[in-house]
Structure formats: C-alpha cells, structure tokens
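Trainee: Could you zoom in on one charged spot for me and stay with it for a while? I'd like to see how the contacts there hang together, and then hear about the rest of the chain from that angle.

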Amino acid sequence: MQIYKVGGAVRDRLLGRPVSDVDWLVVGATVEEMQAKGFRPVGADFPVFIHPKSGEEYALARTERKSGRGYGGFTFHASPEVTLEQDLIRRDLTINAMAEDAQGNLCDPYNGKADLDQRILRHVSPAFAEDPLRVLRVARFAARYAELGFHVAEPTLELMRQISVSGELQALTAERSWKEIERALMEDRPQVFIEVLRDCDALQQLLPELASTGDSGALQQAALQQQPLHVRWACLLHGLADPQQIKALNQRFKVPRECQELAMLVGEFATHWQRALQLDPAALLDLLQRFDVYRRPQRFEDFIAACEMAARASQPARSYAQTDFLRGAATAARSVDAKPLIESGLTGQALGEALKAERLKALIEYAHRCREY
C-alpha cells in the first residue's frame, strides 16, 4: 500500500498558495484492507474513505470509462493493480495530475510542473473531452489563476469547443453546473470565467442570454469590491433588459433564492437607481415599498451595490449621488414611527394607509431638503 498527496494540494503548494483541502490517493490497497485499518467508506460510485483520526478523504486508485452522457456517465474500476500513472491520467489538467509520496518527492508523469512554471492550463489526455463538466472547471481555473498569468492551451481550448458543439453540456445537471458557476463567480477575476466560456463557444450553449450582452465589467467591479455571491450574480445579469431572460437563467441553474431575487430586482429597477435624483416622492416610496426596506434593509443595500458596480464599469467614481440620495430616502421612510398611529386606534388597512401617508410626507420633506442643499 502506498499513499500519495494528489491534486490541488500539490499544485497550490508548488505555486506558493495556501493549501486548504488535501486529497489522498491510495495505491495497492483493497476495500477490505482500508476498513481493517479503521477507514470509514463513504463513496457511492467508487471507494472513498474517511481517515479514522484526521477526517480527511482517502480514495483508492481507479480508472474510468465513458459509459453515457454528461458528468455522471462513467464506469469506474478500483483495484490494487491500478497504478499511480493510470489514476493520474484520468484527471483534467496536467497541473492537477501531480502527486507527492510520503517523503515529499514529486511524482509528475504528465509534466504538470513544467506547465505550472509556464502558466499553462493543459489537458492531460484526449479523454478530457469525455467529461463536459471540465469545460466549466477549466474556465474556473483560468479565473482563479489569471492574476498569475495562466492561460488555456489552444489544443485544450479546441477540445472545449468540441464539447460545446457536441451538445454534451446540455447533459449536465443544474446542480453541478451551478456549483462550478458559483465557485467561479467568487474568484478574484470571475470575468475571466465568462471570457473563456465565450472563447470556447460554451457561453452560447449554457448562458445564451449573455452571449451578446457585451463585457462583464460589472462583475469585475463586484469582485474588486469583494461583493457577496448574490450581488455578483445580479451584476452578471444586469445587462439583460428582458425579465423573462433573467427568470429563465435563474430557473435553468436552480439558482439560490437570494441570488434570484436580487437579479430580478436589479433587472427591474436599475433605471430607478440611475435617475434616482429625478424620482418624485411617490415614486421613491413605491421603490422602497417594493424592496421592503423596513424589514429587509440589506436587500436594498445589495441592490444599490449592484447598480454601483455596473456604473463603475463604465464611469469609475469614488461616490455616486444616487446612492447617497436613496440611502437617505430609506432612512427617512424608516424613521416614521408607527406607535402613535397604533395608539390612536388605527388597525389593519387603515393603519397601513396612514403609515404610508406619513412615510410619503417624510420623503417629501427629505426631497425638499436635498434640493435646497
């Protein structure tokens, strides 16, 4: 039995980046031997075990054969006869097909270290084209390591194009696709993910609504400002004028509710942010009511952030008058105290109408003060 550290842990150590998760590969062992040593089996499709003390994952060396469409269309074979080289060749990129033995010696049968030094994302073997999910993974790695100067090798990009036009991307589940999209959006340069998908024709297949919306500058700004996922998703979709397109994208990937809501709201009300200083108090109140700034103030802040990121993409500025004005309006509306109205005996619809009238009055006074200033 031989145990190797494999994949991302080896890659990131060589790059001098923090190593968070460690994957271990076991060569020359059986399931029974692993269990006898106290390892707990957890793999449904192939033998993966949890270390009895560290809790880390250990997988038996395996080979795979294409047996159907999509990410899950593979038959796996794990046995003590499977070599380290046979296991590594099934991996996606050469920089992910390296291993370290117990003494820390590098095992690099497919020249991953050379590609790492040359900043190249290159597929390990032609079997790369059998797994459509790798199109998204490579684009995500391109986004992750763009700041280090990495680029996708042209032969690998060509294989990604072949996958895109084959229709295999359509066989990916919504959950698997979204997981890769989510992780890519949270990289430091998520716009590179979109650019690579466009370069290999995958954007037209997976996100056709975005294929003709221009660049992803708003998303880039959101990353620079370290915005959360739902703001980044809204920024990516902000150029879509048709709410049905936004809805279709949300549904296609089963996007989390918070991301769905903000993307729809930004699509509907982005122009309100742009012309906020021209909105009359009644329109202001309707906007604030729509966002429910009284119970969900952060959602309005996220909306403002997404609109700002879109503005920064074309007109960088330190501050925006629209933002200050809308935040002040929300504060004015929230400052209205319902207690006196309740104490006067108002209830139900009458209370709601009276509260709305008082908030409108507060916004009229606020707008008047702003214009005077």
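Mentor: Let's start in helix α13, which covers residues 257–274 and holds both glutamate 261 and arginine 257, four residues apart, about one turn of the helix. Helices here are DSSP runs of H or I with at least four residues, strands are E runs with at least two, and both are numbered from the N terminus. Before going on, keep in mind that this is a predicted model: local features need pLDDT of at least 70 and side-chain atom pairs 80 or more, while totals for chains, interfaces and linings use all residues. Residues are numbered from 1 along each chain as its sequence is written, and side-chain values use heavy atoms, with hydrogens and water left out.

Back to the pair: glutamate 261 and arginine 257 form a salt bridge, with their closest N and O atoms 3.1 Å apart. The rule is a side-chain nitrogen of Lys or Arg within 4 Å of a carboxyl oxygen of Asp or Glu. The two ends sit in quite separate accessibility classes: arginine 257 is exposed because its relative accessible area is 65%, whereas glutamate 261, at 18%, counts as buried. The cut-offs are under 20% for buried and over 50% for exposed, with partly exposed in between (1.4 Å probe, protein chains only).

Glutamate 261 has another partner too. Its side chain also meets that of arginine 296 in a salt bridge, 3.1 Å from N to O. This second pair links distant parts of the chain, since glutamate 261 is in helix α13 while arginine 296 lies in the loop between α14 (281–291) and α15, 35 residues away. Arginine 296 counts as partly exposed because its relative accessibility is 35%. Zoom out a little and you get a network of salt bridges that links Arg257, Glu261, Arg296 and Arg299.

How many salt bridges does the rule give for the model? The count comes to 22. One to set beside your spot is in helix α4: lysine 113 forms a salt bridge with aspartate 117, the closest N and O atoms being 3.0 Å apart. These residues are separated by about one helical turn because they are four residues apart in α4. Lysine 113 is partly exposed at 28% relative accessible area, and aspartate 117 counts as partly exposed at 49%.

Backbone fans should look at either side of that helix. Asparagine 111 lies in the loop between β9 (106–107) and α4 (112–118), and its phi is near 60°, a positive value in a residue other than glycine. Arginine 119 lies in the loop between α4 and β10 (120–121); this arginine has a positive phi of about 60° although it is not a glycine. Asparagine 111 counts as partly exposed at 49% relative accessibility, and arginine 119 is partly exposed at 26%.

Your helix also carries a cysteine, so to speak of sulfur: the structure holds zero disulfides (pairs of cysteine sulfur atoms within 2.5 Å). Cysteine 259 is in no disulfide, the nearest cysteine sulfur being that of cysteine 235, 11 Å away. Cysteine 259 is buried, with a relative accessible area of 3%. Cysteine 370 is in no disulfide either; the nearest cysteine sulfur belongs to cysteine 307 and is 18 Å away. At 30% relative accessibility, cysteine 370 counts as partly exposed.

For a sense of spacing, take two C-alpha distances. Glutamine 315 and aspartate 117 are 198 residues apart in sequence and 37 Å apart in space. Glutamine 315 is found in the loop between α15 (297–314) and α16 (321–334) and is exposed at 56% relative accessible area. Arginine 183 and phenylalanine 141, by contrast, are 42 residues apart in sequence and 9.9 Å apart in space. Arginine 183 is found in helix α7 (residues 174–185) and counts as partly exposed at 36% relative accessibility.

Finally, aspartate 199 has its place in helix α8 (residues 190–199) and is partly exposed, with a relative accessible area of 44%.
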